[in-house]
Amino acid sequence: MLSQTARPYIDASVPVLREHGAAITTQFYTTLFEDHPELMHIFNMGNQANGSQQQSLAAAVYAYAANIDNAAALTPVLTRITHKHASIGIKPEHYPIVGRHLLAAIQTILGEAATPALLAAWDEAYGLLATQLIAMEKQLYVQADIEAGDLRPLKVIAVSQESETVRSYYLQTQDSQSPGDFKPGQYVSIAVQLGPLRQLRQYSLSDSPDQPWWRISVKRVSGTALTQSGQVSNWLHANVKVGDQLLAGAAFGDFAPTLESDIPITLISAGIGITPMISVLNTLNERRPARPVVFAYATQHGRHHALREDLTIARTKQSGLKEIIFYEAPLSTDEIGQDYHHQGRMQLEGLLDEETLKGEFYLCGPVGFMQQQWQELLEAGVSPKQIQREVFGPDLLDHLA
């Protein structure tokens, strides 16, 4: 528990962090990588380049300060953060390094406003947070029976082009077995070597854990005038073929929809957010084929509609399946009623019956899409307790910050 001496300084930091958070975290990462270049093999340098990593840390620091006494709000966020940390191999010895550079960045940016008392309060608060995260991450490593940072080579047994921009890779162990159990909705880290730099990226597992393989479905991210190309996704698409090996971590992630229940479940996704939802759907096909399922999906048009074959198979297995597919800009070759059901952006108002609205809802996709669907569900009378989102990056904390 934070001491009474430190508490006023942390409380007073909330408006300061809102104003200067991005500057502090940008300074933090600059000096961190200068002093510890080996950490560049752990952090996502693509997110460093586009600024989203700095924004993410700024949001985390601010949300922590603003909710330091609100365990009910912080605990789910910390759980999600520890899963991400475990997936990239964060170790206890990393925390003192981060803490030292974070305090130095606060002092640099705030100048004289960063009094010794304020820095001491943040040193105390960070120590409490680090202790909690270390303990939670240790538990995840024990459960997965791995050491932090463990990776193993998996062989690529098949490659499938799922859409214009999405390709699936089927992975097995060297002795042709499944790499292990996982919960539908979880993800794995894939490591690739880009010149002198090793980079890790997380990809949702997109098939049932009952299959004798792991499948990841990777969207090739092309750059625009405002965004960078995805280094790892483009490398995977350009280089990986059947017979190759990929270095993979254990499965992590707390976005794990309930499978055992018989109440209605609605899976809402857009774009590449379809991948964890297909994993859930394929598992329900095998374990709960009679469970009422609404599969709502939005994409631009048919050439961007990934994993359609999985939906075709699900129709033959899932007696309670209802599909609601939106194409924002259908092509002339896309057939309404067969390829999709509605034109335009997803709008579920009036499409969900009373029983469905009493069930569980899971969201995955671009942030704006999820925010819109979340708000529309609330307006339809769905409780926030019925809704879960799969979120990465700074928007994990948007409801706190």
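Me: Where does Ser176 sit in this model?

Reply: This is a predicted model. Ser176 lies in the loop between strand 2 (166-172) and strand 3 (187-194).

Me: What is its backbone angle phi, given that Ser176 is not a glycine?

Reply: Ser176 is not a glycine, yet its phi is positive, about 65°.

Me: Is Ser176 buried, partly exposed or exposed?

Reply: Look at the relative accessibility. Buried means under 20%, exposed over 50%, and partly exposed is in between. Ser176 has 38%, so it counts as partly exposed.

Me: Which residue just after helix 6 also has a positive phi?

Reply: That is Asp145, with a phi of about 60°. Asp145 is not a glycine either. Its place is in the loop between helix 6 and strand 1 (152-161).

Me: Is Asp145 buried or exposed?

Reply: Apply the cut-off again: exposed means over 50%. Asp145 has a relative accessible area of 69%, so it is exposed.

Me: Let us turn to helix 6 itself. How many residues does helix 6 have, and what span does it reach?

Reply: Start with the general idea. An α-helix has 3.6 residues a turn, so residues three or four places apart point the same way. Now the case here. Helix 6 (116-144) has 29 residues. From its first C-alpha to its last, helix 6 reaches 41 Å. At 1.5 Å a residue, 42 Å is expected, and the value is close to that.

Me: Where else does helix 6 take part?

Reply: In the lining of the second largest cavity. Helix 5 (94-110) and helix 6 each supply at least two of the lining residues. The largest share, four residues, comes from helix 5.

Me: How many cavities of 30 Å³ or more are there?

Reply: A cavity is a space where a 1.4 Å probe fits but cannot get out. There are two of 30 Å³ or more. The second largest holds about 30 Å³ of space.

Me: Which residues line the second largest cavity?

Reply: They are Gly99, Leu102, Leu103, Ile106, Trp122 and Tyr126. Sort the lining by class: five residues are nonpolar, one is polar and none is charged.

Me: On to a single residue in another helix. Is Leu74 buried or exposed?

Reply: Leu74 is found in helix 4 (residues 71-88). Its relative accessibility is 8%, so Leu74 counts as buried.

Me: What separates Leu74 from Gln54?

Reply: Keep chain and space apart. Along the chain, Leu74 and Gln54 are 20 residues apart. In space, their C-alpha atoms are separated by 20 Å.

Me: Now the strands. In what order do the six strands of the open sheet lie?

Reply: Read across the sheet: 10-9-8-7-11-12. The pairing is parallel. Strand 10 (342-343) and strand 12 stand at the edges with a single partner strand each, so one side of each has no neighbour in the sheet.

Me: How many bridges join strand 8 and strand 9?

Reply: Strand 8 (residues 293-299) and strand 9 (residues 321-327) pair over seven bridges, in the parallel sense. Take one pair: Val294 has Lys322, in strand 9, as its bridge partner.

Me: And how many join strand 11 to strand 12?

Reply: Four bridges join strand 11 (residues 360-364) to strand 12 (residues 387-390). These two strands run parallel. Tyr362 has Gln388, in strand 12, as its bridge partner.

Me: What does the chain pass through from strand 11 to strand 12?

Reply: The chain goes through helix 11 (residues 367-379). This β-α-β crossover is right-handed.

Definitions and conventions. Residues are numbered from 1 along each chain as its sequence is written. This is a predicted model: local features need pLDDT of at least 70, side-chain atom pairs count only at pLDDT 80 or more; totals for chains, interfaces and linings use all residues. Side-chain values use heavy atoms; hydrogens and water are left out. On a 1 Å grid over the protein atoms alone, a cavity is a set of points where a 1.4 Å probe fits but cannot get out, and a pocket is an open set with protein on both sides within 12 Å along at least five of seven lines; lining residues have an atom within 4 Å of a point. Grid points are joined across faces, edges and corners, and a volume is the space filled by probe spheres set on the points. Ala, Val, Leu, Ile, Met, Phe, Trp, Tyr, Cys and Pro count as nonpolar, Asp, Glu, Lys and Arg as charged, and the others, Gly among them, as polar. The expected span of a helix is 1.5 Å times one less than its number of residues. Two strands pair if DSSP finds at least two bridges between them. A crossover is right-handed if, with the strands pointing away from the viewer, the path from the first strand over the helix to the second runs clockwise. Buried means under 20% relative accessible area, exposed over 50%, partly exposed in between (1.4 Å probe, protein chains only).
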